[in-house]
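User: Please take a close look at a single part of this model, beginning with one pairing between strands, and then work outwards from there in a connected account. I would like the residues named and the reasoning spelled out.

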Amino acid sequence: MIYTVTLNPSLDYYVTVENFTLGRTNRTREERLLPGGKGINVSRVLGSLGCPSTSLGFLAGFVGEEIRRHLEACDIRTDFIFLENGCSRINVKLKNYESTEINGSGPAVDPPAAEALMASLETLKAGDGLVLAGSVPTSLPSDIYRRILERLSDRDIRTAVDASGDLLTAVLPLHPFLIKPNRDELSGLLGMPVPDRASAAVGARRLQAMGARVVIVSLGGDGAVMVTEEGRVFSASVPQGKVVNAVGAGDAMVAGFLAGLEKGLSQAEAFRLAAAAGTASAFSEDLADGDKIYQLLAACTVTEESGAGF
């Protein structure tokens, strides 16, 4: 079983408003509600690829109930800690105004609730997967991902961490199985430009030297680069197309890679599925479904790289 952790889930309210004007009453042309949060996105794509998962984290209030209802309607198993106070956040996303967003803060997580989440993670067993994805609410310790990995360090659990900055670097000494920075995150972490795949491979190797086992760097339309535990470098090329919504594409990549491994694929083939999942999601209004991912799979190629440039 793969478990995903989303510490601050949201209900994302996507709206299209024609001729939006400040100080006036504006009416929507289109609208939809979707559960949000990086770990939740991973669970949704895993489900579309036929891999069950359990979604963990914190929910509160009537918004929390709606998030849970949406997930269960997608046949995603949930085991959230339900907070006694506050309300899960609603994020407003204006789709036709350069992705303008108004994101809520979310409820405060008290120490007993945080410990309840830790206790629920104690049920994980050897062979399970754990995805820690997204930012951390200010009410929780800023190093909570590190604390979680420390608590589970004596178990053979396949851990994936999709985070940025100090949140990511703090877990590297605990040797997470997978990390997936994008180009900008890699550049910010290491203070180096990442103009091409070769430089992405150099950066990935540096993160590997800091403790990561497998590193995938997503490069948008330029595809992606993966460095395996053995130091082999693979690059993925993806088809060109119209980017409709890049939000969640990186989460889809994580899901695609883990789903591939769950299906018994090699890391190279799982990487190709990851590239297809990320690209299909970027080309879709919402996270891509399994049919669209597999339609794009044939157009994605993975090559093992060698030579001084890599």
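Analyst:
**From one strand pair outwards**

Lys93 stands opposite Glu101, a residue of strand 8. This placement, like everything below, is read from a predicted model. The two strands concerned are strand 7, residues 89-94, and strand 8, which pair in the antiparallel sense over three bridges. As a general matter, strands of a sheet pair through backbone hydrogen bonds, and the sense can be parallel or antiparallel.

The pairing belongs to an open sheet of four strands in the order 3-2-7-8, whose pairing is mixed. Strand 3 (28-36) and strand 8 (100-102) are the edge strands, each pairing on one side only. From one strand to the next, the twist averages 20 degrees. Helix 2 lies across strand 2 (10-17), strand 3 and strand 7, and runs at about 85 degrees to strand 2.

Following helix 2 (61-73) leads into the loop between that helix and strand 5 (77-78), where Asp75 lies. Asp75 has a phi near 60 degrees, a positive value in a residue other than glycine, and with a relative accessibility of 73% Asp75 counts as exposed. A positive phi, near 55 degrees, is also found at His175, again not a glycine. His175 sits in the loop between helix 5 (165-169) and strand 11 (178-179), and at 46% relative accessibility His175 counts as partly exposed.

The cysteines can be taken next, since a search of the whole structure finds zero disulfides. Cys74 is in no disulfide, its nearest cysteine sulfur being that of Cys51, 16 Å away. Cys74 is partly exposed, with a relative accessible area of 44%. For Cys87 the closest cysteine sulfur is in Cys74, and because the distance is 20 Å, it is too far for a bond. Cys87 is also partly exposed, at 27% relative accessible area.

Turning from the sheet to helix 3 (residues 111-121), the buried residues there are Ala113, Ala114, Leu117, Met118, Ser120 and Leu121. They lie on the same side of helix 3, because they cover an arc of only 160 degrees around the axis. In an α-helix there are 3.6 residues a turn, so residues three or four places apart point the same way. The exposed residues Pro111 and Pro112 are carried on the face of helix 3 turned away from its buried side. At the start of helix 3, a side-chain oxygen of Asp110 comes to within 2.9 Å of the backbone nitrogen of Ala113.

What covers the buried residues of helix 3? The cover includes strand 1 (2-6), strand 4 (53-60), strand 6 (81-83), strand 9 (129-133) and helix 4 (144-151). Among these, strand 9 leads to a further pairing, for five bridges join strand 9 to strand 10 and the two run parallel. Within that pairing, Leu130 stands opposite Thr159 of strand 10. Strand 10 (residues 158-162) is largely enclosed by the rest of the structure, because four of its five residues are buried.

The starting pair can now be set against this last one: Lys93 and Glu101 face each other across strands 7 and 8, which pair in the antiparallel sense, whereas Leu130 and Thr159 do so where strands 9 and 10 run parallel.

Technical notes:
Residues numbered from 1 in each chain as written. Predicted model: local features only at pLDDT ≥ 70, side-chain atom pairs only at ≥ 80, totals over all residues. Heavy atoms only, no water. Disulfide = S-S within 2.5 Å. Buried < 20%, exposed > 50% of the residue type's maximum accessible area, 1.4 Å probe, protein only. Arc of directions from axis to C-beta. Contact = heavy atoms within 4.5 Å. Polar contact = N/O pair within 3.5 Å; in protein donor to acceptor, adjacent residues only side chain to side chain. Pairing = 2+ DSSP bridges. Axes fitted to C-alpha atoms, helices over the stretch in contact; angles between N-to-C directions.
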